[in-house]
Amino acid sequence: MDQVVDQGAAPSEKPRTPRTRRVQPLYAAHEWVYSRKVSGIFRQVKWAALVVLLGLYYVGPWLRWDRGEGAPDQALLIDLPARRAYFFGIEIWPQEVYYLTGLLVIGAIGLFLITSLAGRVWCGFLCPQTVWTDLFLWFEQKIEGDRVERIRLDQQPMSLSKAGKKILKHGSWLIVALATGGAWILYFNDAYTVLPDIFAGQASMPVYIFLALFTGTTYLLAGWAREQVCIYMCPWPRFQSAMFDEHSLIVTYENWRGEPRGRAKVGESFDGRGHCVDCNMCYQVCPTGVDIRKDQQLACIGCALCVDACNSVMDRFKLPRGLITYDSIANQTAREKGEPTQFRPVRARTIAYALILAVTVAIMGYGLLTRDRVEINVLHDRAPLFVALSDGGVRNGFTYKILNMERQPKTFTLRLSGLDGATLRVVGFAPEWTTEARLPVKPDSVGTFRVLVRSDREALSGASTAFAFQLEEEVSGQVHEYNAAFSGPAQ
Ligand code: SF4
Ligand code: SF4
């Protein structure tokens, strides 16, 4: 069961000395975090990020992109039955999955760069877990009230009014989960078809199963697990500190200025004491239950809401803002010494990340622009490896596959090279021995051909002779070469 903790005061830092040796539990009890509403610049930035990101997420599946007849016209689509991924004009086939890997690599390096510049921006402002949790919290605060009301409500025995609020809250969470996590399904189906089908009860069973799965996981992760995901489940906080240096922007408490802390009244003198009035506002607004005054902690997602909270307290006491600040350690140290501060975005590590990012993007871009839309696969007959012909020649059989990844039909001319005097036959297309054969392939499909190759024994150099199939595209003149081996009797 969740343990309700009043966040009015930060937990005592004084360790207790146990009198008897006790076995420590492996897991700490879950302490429910009742974060308080806060207003300020970072809160506004977080709302703006939420609106923009959710807006893009919702608009995405409805965008259209004309790919020609017979092709899906959804701009962003992962078509699992057809094993294709579409991103506007880019179409990724299963064998090109390395482009998706490249995209992930670009995302990861971009994240390294942003983190080394501005700290946990991803965690605090952009991560879907953060965005959806913010939305869930907004509904919770609207229905159950701010921090104090929520704590009181949870401590009350069950009543009609409490049950009504809980039902309303969880109902709204489920609707938000369906509309956010559940909307993910639109990226895997034609949005204009699947949405009416879902409401009409005519969508396929997998659609309903995944809709339930995405909705359920969003409800659990954003409604119940919340900061537990960031603290215990996500691997990113574990290694992101490797991207920080003293010039990275992070949320910090200016210890030198805040201590010794103590309660104070508006108008009192702050001579001989720190500026922290120990109001615990920074702790109460924190969505992960962190007291930032205890130095940097893994649980701090860098959302900077404590900066907003503390700034409002500083304003009330007519003290300078920035006791909790979104700044670098270097600047904090400089301020302590009374030296000028500066933001240094250009540093060895940021240059390195930017260069790696630029090179990866360039390689990916070049690869995408120059990628081959024809793929060839050749399979040599295994039994028999070769046939000795009555005219003294040797014949090999091959299964020749041409993958046409474009949306128009193509005709190719197949030739042989590297095998003097060799001829070929293609079942159904070139019945007589010839030096070249025309092979048509339908759009967006694989053409499979049975190819027989004949060679004089004198042209062979043993049990295996290297040669190549040359395939020329009729319209573009582009030649694709496939290296193969011709089997014959050992000499
Ligand atoms: S909000 Fe500011 S003044 Fe209040 S406890 Fe936190 S650091 Fe101290
Ligand atoms: S300590 Fe401050 S920045 Fe860190 S998670 Fe809490 S509110 Fe956000």
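Aromatic pairing in the predicted model amounts to 27 pairs of rings. One of these joins Phe 87 and Phe 88, whose ring centres lie 5.3 Å apart. The planes of Phe 87 and Phe 88 stand at 90° to each other, and the pair is edge-to-face. Neither partner reaches the buried class: Phe 87 has a relative accessible area of 49% and is therefore partly exposed, and Phe 88 is likewise partly exposed, at 26%.

A further edge-to-face pair is formed by Trp 184 and Phe 188. Here the centres are 5.6 Å apart and the planes meet at 80°; because planes over 60 degrees apart count as edge-to-face, the pair falls in that class. As for accessibility, Trp 184 is partly exposed, with a relative value of 36%. Phe 188 has a relative accessibility of 23%; since buried residues lie under 20%, Phe 188 is also classed as partly exposed.

Trp 184 and Phe 188 also belong to a cluster linked by ring pairs. The other members of this cluster are Tyr 57, Tyr 58, Trp 132 and Tyr 187.

Aromatic rings are also found beneath charged side chains. The charged end of Arg 43 is placed over the ring of Trp 47, at 3.9 Å from the ring centre. A second arginine, Arg 425, lies over the face of Trp 433, and the distance to the ring centre is 4.8 Å in this case.

Definitions and conventions
Residues numbered from 1 in each chain as written. Chains lettered and ligands numbered in written order. Predicted model: local features only at pLDDT ≥ 70, side-chain atom pairs only at ≥ 80, totals over all residues. Heavy atoms only, no water. Phe/Tyr/Trp six-rings, centres within 6.5 Å; stacked < 30°, edge-to-face > 60°. Buried < 20%, exposed > 50% of the residue type's maximum accessible area, 1.4 Å probe, protein only. Lys NZ or Arg CZ within 6 Å of the ring centre and 35° of its normal.
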